Amino acid sequence: MHRPNPFLQLLACAACCAAALARGDVVETKDGSHIVGKITKIDAGTVYLTSDSAGDLVIKQSQITAIGTDGLLAVRLESGTRMDGKIAMTQNGNVQITGSDGVVTTSIDKMAAGWATTGTDPEIIALERHWKYEATVDINGTTGNKEQLGTQGSFSAKLITPQDELDLYTAYNRQVASGLKSADQFKAGVDYTSHFDPRASWYVKDEGGFDRIMDIQFYDTAAAGLGYDVVKNKFDLLTARAGLGYRYDGYKNPLTPTVNSAAADFELEHDLKLATWELHNDLTVVPAFQNLKNVIATQDSYFQIPLADPSWKLRMGVSNDYNNMPGAGIEKLDTTYYTRLILDWGGSPVAGK
């Protein structure tokens, strides 16, 4: 009676285990990484993959040298062609997609999107109405020769569709140095934009709050007007807005005259996104009609990069608040330099909307 060779049995078992371990989608990157897991989505130049050992991963498509799937994946190419098939790894950054209609050979950078065959194209999902949220926090302090404590926090919620956007926001900033306040500001507002053309829109907004350092007990600025996207593409957006509105500034000092006037509203906003970083600038100028020399202006510029978890970001910037006719003893310009931790989430469509 022939007895099986234990060594051969061990080799066969090892081979089976290796095959089981290798089973799954595979992504290889320029730095030599070989990642096995499950590709959940390809969207906007990014591959989303979940791995038992490393968890959820986000990999830039430009850093991938090879990609392959263990099962079927729905793929949309840059040409608009959709194909459900299995992706096989080839050389020189190319892939082969094998489906029921045949075989397509293309390059990794030509794969515009990918998703589960039972799911929905990410581009269609992006067109559906959804909420997006952002929270920021900035806490800094000094003790020793001087005592200083600063806190800043903000929150915004945006309801987004391709046709319009509703933005609800609030923020508070308080800075105390050696027992003296250098900042004590609060604001809350709403901004609604509706696009009646791929580049043109109309808007309405209102913002109120206080700035005790500037001696403003309460302010309110409302406006409505038209906007135009001077530059608009996947990575770069420059929008100009102009309209008419109302401006109210009530001061604590009774000697400072209250501003209660119709006003103009001029805005310029620029957002540039490349690779993983973002550069943002916005400027708003509001002159009062009762005295055109009475102008307030706000400016904010920041550079933002993601952290290890892309939902968390680091924002470094500078903001300026300018009032051409401030109260007695108040400087015209306040400048703030900041580094803030950002958490954003949402972006998924709202069920039933």
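Is Thr136 buried or exposed? Thr136 is buried, at a relative accessible area of 8%. The cut-off for buried is under 20%, so 8% falls inside it. Keep that residue in mind. We will come back to it. One caution before we go on: this is a predicted model.

Let me start with the chain as a whole. We have 353 residues, and 35% of them are buried. The secondary structure comes to two helices and 22 strands. Now the contacts. Take those between residues at least 6 apart in sequence. Of these, 47% join residues at least 24 apart.

Back to Thr136. Thr136 sits in strand E11. What does its side chain pair with? The partner is Ser154, through a polar contact of 2.6 Å between the two side chains. Now the wider surroundings, leaving out residues up to four places away in sequence. Thr136 touches Gln152, Gly153 and Ser154. Its contacts also include Arg315, and then Arg340, Leu341 and Ile342.

Turn to the partner. Ser154 belongs to strand E12. Buried or partly exposed? Ser154 has 23% relative accessibility, so it counts as partly exposed. The partly exposed class runs from 20% to 50%, which is why 23% lands there. So this polar contact has a buried residue on one side, Thr136, and a partly exposed residue on the other, Ser154.

What else does Ser154 meet, beyond neighbours within four places in sequence? Its contacts are Glu134, Ala135 and Thr136, plus Thr170 and Ala171. One more distance for Ser154. Phe186 is 32 residues away along the chain, yet the two C-alpha atoms are separated by 9.6 Å.

Next, the second largest pocket. Its volume is about 310 Å³. Twenty residues line this pocket, and the closest to its centre are Asn173, Gln175, Ala183, Thr335 and Thr336. Which elements give two or more residues to the lining? They are strands E11 (130-142), E12 (148-160), E13 (164-177), E14 (180-195) and E22 (333-349). E11 is the strand that holds Thr136, and E12 is the strand that holds Ser154. The largest share of the lining comes from E22, with seven residues. By class, the lining has ten polar, six charged and four nonpolar residues.

Now the enclosed space. How many cavities of 30 Å³ or more does the structure hold? One. The largest cavity has a volume of about 30 Å³. Its lining is Asp25, Lys38, Ile39, Thr69, Gly71, Leu72 and Leu73. Three of these count as nonpolar, two as polar and two as charged.

Leu73 leads us on to the strands. Strand E6 covers residues 73-77, and four bridges join it to strand E7, residues 82-89. The two run antiparallel. For one pairing, look at Ala74: its bridge partner in E7 is Asp84. E6 and E7 form a hairpin, with four residues between them. Look at Gly80 in the turn. Gly80 has a positive phi of about 100°.

E7 has another partner. Five bridges join E7 to strand E8, residues 94-99, again antiparallel. Here the pairing to check is Ile87, whose bridge partner in E8 is Ile97.

Further along the chain, look at Val259. This residue lies in strand E18, residues 259-274. Val259 is buried, with a relative accessible area of 3%. Under 20% is the cut-off, so Val259 meets it. What does Val259 contact, leaving aside neighbours within four places? Arg247, Tyr248 and Asp249 are on the list, and so are Ala288, Gln290 and Asn294. Between the C-alpha atoms of Val259 and Asn291 the separation is 9.4 Å, with their positions 32 residues apart along the chain.

Last stop: a second hairpin. Strand E20, residues 291-306, is joined to strand E21, residues 312-323, by eleven bridges. The two run antiparallel. They form a hairpin with five residues between them. Which residue in E21 is the bridge partner of Tyr302? Gly317. E21 also spans the number of Arg315, one of the residues that touch Thr136.

That brings us back to the opening residue. Thr136 is buried, lies in E11, and makes its 2.6 Å side-chain contact with Ser154.

Definitions and conventions: Residues are numbered from 1 along each chain as its sequence is written. This is a predicted model: local features need pLDDT of at least 70, side-chain atom pairs count only at pLDDT 80 or more; totals for chains, interfaces and linings use all residues. Side-chain values use heavy atoms; hydrogens and water are left out. On a 1 Å grid over the protein atoms alone, a cavity is a set of points where a 1.4 Å probe fits but cannot get out, and a pocket is an open set with protein on both sides within 12 Å along at least five of seven lines; lining residues have an atom within 4 Å of a point. Grid points are joined across faces, edges and corners, and a volume is the space filled by probe spheres set on the points. Ala, Val, Leu, Ile, Met, Phe, Trp, Tyr, Cys and Pro count as nonpolar, Asp, Glu, Lys and Arg as charged, and the others, Gly among them, as polar. Two strands pair if DSSP finds at least two bridges between them. Buried means under 20% relative accessible area, exposed over 50%, partly exposed in between (1.4 Å probe, protein chains only). Contact means heavy atoms within 4.5 Å. A polar contact is a pair of N or O atoms within 3.5 Å; within protein, one must be able to donate a hydrogen and the other to accept it, and residues adjacent in sequence count only if both atoms are side-chain atoms.
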